[in-house]
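Here are a few exercises to work through with the model open beside you. Try each task before reading its solution.

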Amino acid sequence: QIDADIYHLHDPELLMYVKKFSKLGKKVIFDSHEYYYEQILEKKYIPQFIRKIIASIYLIIENRACRYLDAAIFPCPINGKHIFEGRVSKCVFINNLPMLEEFNAKCYVEDKKKSDQFRVCCIGSLTKERGIENLIDACYRSNVKLILGGEFSPTDFKVKIQNKKEYSIVDYRGYCSREEVMKIYQSADIGASTILYGGQYDKLSNLPTKVYEYMMASMPFIISDFDYNKYIIDKFHCGLLVNSNDITSISNAIDYLISNSDEATKMGENGRKAVEQEFNWKNEEQKLYELYEAIIENVKTN
């Protein structure tokens, strides 16, 4: 119905339309936010004996669609490579980074709400694989409030977590609009990303999007000790590495930031500078414009 020249698809279920669009003379881009094959293998709610079958079926569908794609986008290298290299002729890295105009420096640096209790925040998918249970236990041990935004998955994990005594320190906001996310960043003291090893995450050469947003909000953060995360912490001194499988490691990092407020503030400032200078959407969007222009030029010549 739209009859566009270029279709930029994000959801993997839309791969079934790629061949049809191509046959109609359309140009198609697949923007793969996740390494879906690896991620399916890590879905604990899928019985293990069929997990690999489902992942393999998905990979067959993806490979067939690749024959008709004009370009593929992925946020960053995995093991030094683009995951569509050799399958799609044009492969581009475009990272999901904060928009500078969405954040106001004065709001985040000067207008933090005062509270007697320290606040840690974590926004996004709330799953065991994302280290949420260990984070809750660590915050309970450190006697800090934990603000969670997002949805628990699967349901039985949510029930298990909410029945724990440690859940008493959680301020659960559920699904959050962008405005609500901004308000959480404004009120929190520390950002957290305690993803467990497994799947794609410890192989990625970028940070979770929420961590870039913590940095933009001038918040120090704690993050899993993956290789790329260590590189960023060493370079910019904007947070602390933790063993996401070790509650004591997470709790100790929180306690350190509470006890060393000047250093924590400096980490927050360093993070914001890094985003202002390097990790922002203004730098990334140019790659997207160039990709569109190249494909449009190809449409004209054909």
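**Exercise 1. Find the residues with the most contacts inside the largest nonpolar core, then look for a second core.**

Solution. Keep in mind that this is a predicted model. Start with the largest nonpolar core, which has 58 residues. Inside this core, the residues with the most contacts are I136, L146, L148, Y185, M215, I222 and F279. Next, take M215 and leave out residues up to four places away in sequence: its contacts include L207, F221, C238, V275 and F279. Finally, a separate second core of 28 residues includes A4, C76, V88 and I195. In soluble globular proteins, nonpolar side chains tend to be buried together.

**Exercise 2. Decide how far the model's confidence reaches along the chain.**

Solution. Begin with the whole chain: the mean pLDDT is 91, and 94% of the residues reach 70 or more. Then turn to residues 105-111, where pLDDT stays under 50. For this stretch the model has eleven contacts beyond four places in sequence.

**Exercise 3. Is I94 buried or exposed, and which residues does I94 contact beyond its sequence neighbours?**

Solution. First locate I94 in the loop between strand 4 (91-93) and helix 4 (105-110). The relative accessible area of I94 is 9%, so I94 is buried, the cut-off being under 20%. Setting aside neighbours within four places, I94 is in contact with I73, F74, P75, W281, E284, K287 and L288. One of these deserves a second look: K287 is 193 residues from I94 along the chain, yet their C-alpha atoms are separated by 6.8 Å.

**Exercise 4. Trace salt bridges that join distant parts of the chain, and judge the burial of the partners.**

Solution. A search of the whole structure gives 16 salt bridges. Take R87 and E62 to begin with: their closest N and O atoms are 2.8 Å apart. R87 sits in the loop between strand 3 (71-74) and strand 4, while E62 belongs to helix 3, 25 residues away in sequence. R87 counts as partly exposed at 25% relative accessibility, whereas E62 is buried at 4%.

Now go to D189 and R119, whose side chains meet at 3.0 Å, N to O. D189 lies in the loop between helix 7 (178-187) and strand 8 (190-193) and R119 in strand 5, so the pair ties together parts 70 residues apart in sequence. R119 counts as buried, at 10% relative accessibility.

To finish, look at the salt-bridge network that links K128, E133, D137, K160, K164 and E166.

Technical notes. Residues are numbered from 1 along each chain as its sequence is written. This is a predicted model: local features need pLDDT of at least 70, side-chain atom pairs count only at pLDDT 80 or more; totals for chains, interfaces and linings use all residues. Side-chain values use heavy atoms; hydrogens and water are left out. pLDDT is the predictor's confidence in each residue, from 0 to 100. Contact means heavy atoms within 4.5 Å. A nonpolar core is a set of buried Ala, Val, Leu, Ile, Met, Phe, Trp, Tyr and Cys residues joined through side-chain atoms within 4.5 Å. Buried means under 20% relative accessible area, exposed over 50%, partly exposed in between (1.4 Å probe, protein chains only). Helices (H or I, at least four residues) and strands (E, at least two) are DSSP runs, numbered from the N terminus. A salt bridge is a side-chain nitrogen of Lys or Arg within 4 Å of a carboxyl oxygen of Asp or Glu.
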